[in-house]
Amino acid sequence: LMSKITKSVLRYNAVFEPCEEGGYTVTVPKMPGLVTEGDSFEEALEMAYENIQADAKRRIKGIKMINP
């Protein structure tokens with residue numbers, strides 16, 4: 001199993017944790033409740049970028065992210 005990768009996404013650190021079945025689960029420590037995934041690192045990175053951007057837009061508009 002591969003090790004975790006930490007990468008800055010829109011100035012946020014995103015943690016990419018490899019899944020046993022393949023792909024990655026992504027969390028963003030400074031955005032509790034933001035969890036996404038992708039079948040490849042590239043897809044997971046794209047999903048992280050999209051989710052961080054959407055959450056940032058909601059925060060700017062004063063709408064809190066709904067935690068699952």
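## Tyr 24 as a starting point

Let's begin with Tyr 24, which is buried at a relative accessible area of 8%. Here buried stands for under 20% relative accessible area, exposed for over 50%, and partly exposed for anything in between, with a 1.4 Å probe and protein chains only.

A quick word on the ground rules. This is a predicted model, where local features need pLDDT of at least 70, side-chain atom pairs count only at pLDDT 80 or more, and totals for chains, interfaces and linings use all residues. Residues are numbered from 1 along each chain as its sequence is written, and side-chain values use heavy atoms, with hydrogens and water left out.

## The overall layout

The chain has one helix and four strands, and reading from the N terminus you get β-β-β-β-α. Both kinds of element are DSSP runs numbered from the N terminus, with at least four residues for helices (H or I) and at least two for strands (E).

Of the 68 residues, 29% count as buried. The accessible surface is about 4,900 Å², and carbon and sulfur atoms own 51% of that; the areas come from the Shrake-Rupley method with a 1.4 Å probe, and for residues only the protein chains shown count as cover. Take the contacts (heavy atoms within 4.5 Å) with a separation of 6 or more: 25% of them are between residues 24 or more positions apart.

## How the strands pair up

Strand E3 (residues 24-27) has partners in E2 and E4. It runs antiparallel to E2 (residues 12-18), with four bridges between the two, and it is also antiparallel to E4 (residues 35-38), again through four bridges. Strands are called paired if DSSP finds at least two bridges between them. On the E2 side, Val 15 sits opposite Thr 27 of E3. Over in E4, Gly 38 is the bridge partner of Tyr 24, while Glu 37 is the bridge partner of Thr 25. The hairpin of E2 and E3 has five residues between the strands, and Gly 22 there has a positive phi near 105°.

In a regular strand the side chains alternate between the two faces of the sheet. E3 has Tyr 24 and Val 26 on its covered face, with Thr 25 and Thr 27 on the uncovered one. For E4, the covered face holds Thr 36 and Gly 38, and the uncovered face Val 35 and Glu 37.

## Three rings together

There are two aromatic pairs, where rings of Phe, Tyr and Trp (its six-membered ring) pair if their centres lie within 6.5 Å, and planes under 30 degrees apart are stacked, over 60 edge-to-face and the rest tilted. Phe 16 and Phe 41 make a tilted pair, at 4.9 Å centre to centre and 50° between the planes. Phe 16 belongs to strand E2 and Phe 41 to helix H1 (residues 41-60), so this pair ties together parts 25 residues apart in sequence. Both of these Phe residues are buried.

The other pair is Tyr 24 and Phe 41: their ring centres are 5.7 Å apart with planes at 80°, so it counts as edge-to-face. Again distant parts of the chain get linked, with Tyr 24 in E3 and Phe 41 in H1, 17 residues apart. Phe 16, Tyr 24 and Phe 41 form one aromatic cluster.

## The nonpolar core

Those rings also turn up in the largest nonpolar core, which has twelve residues, including Phe 16, Tyr 24, Val 26, Phe 41 and Ile 52. Such a core is a set of buried Ala, Val, Leu, Ile, Met, Phe, Trp, Tyr and Cys residues joined through side-chain atoms within 4.5 Å. E2, E3 and H1 are the elements that give two or more residues to this core, and H1 gives the most, with four.
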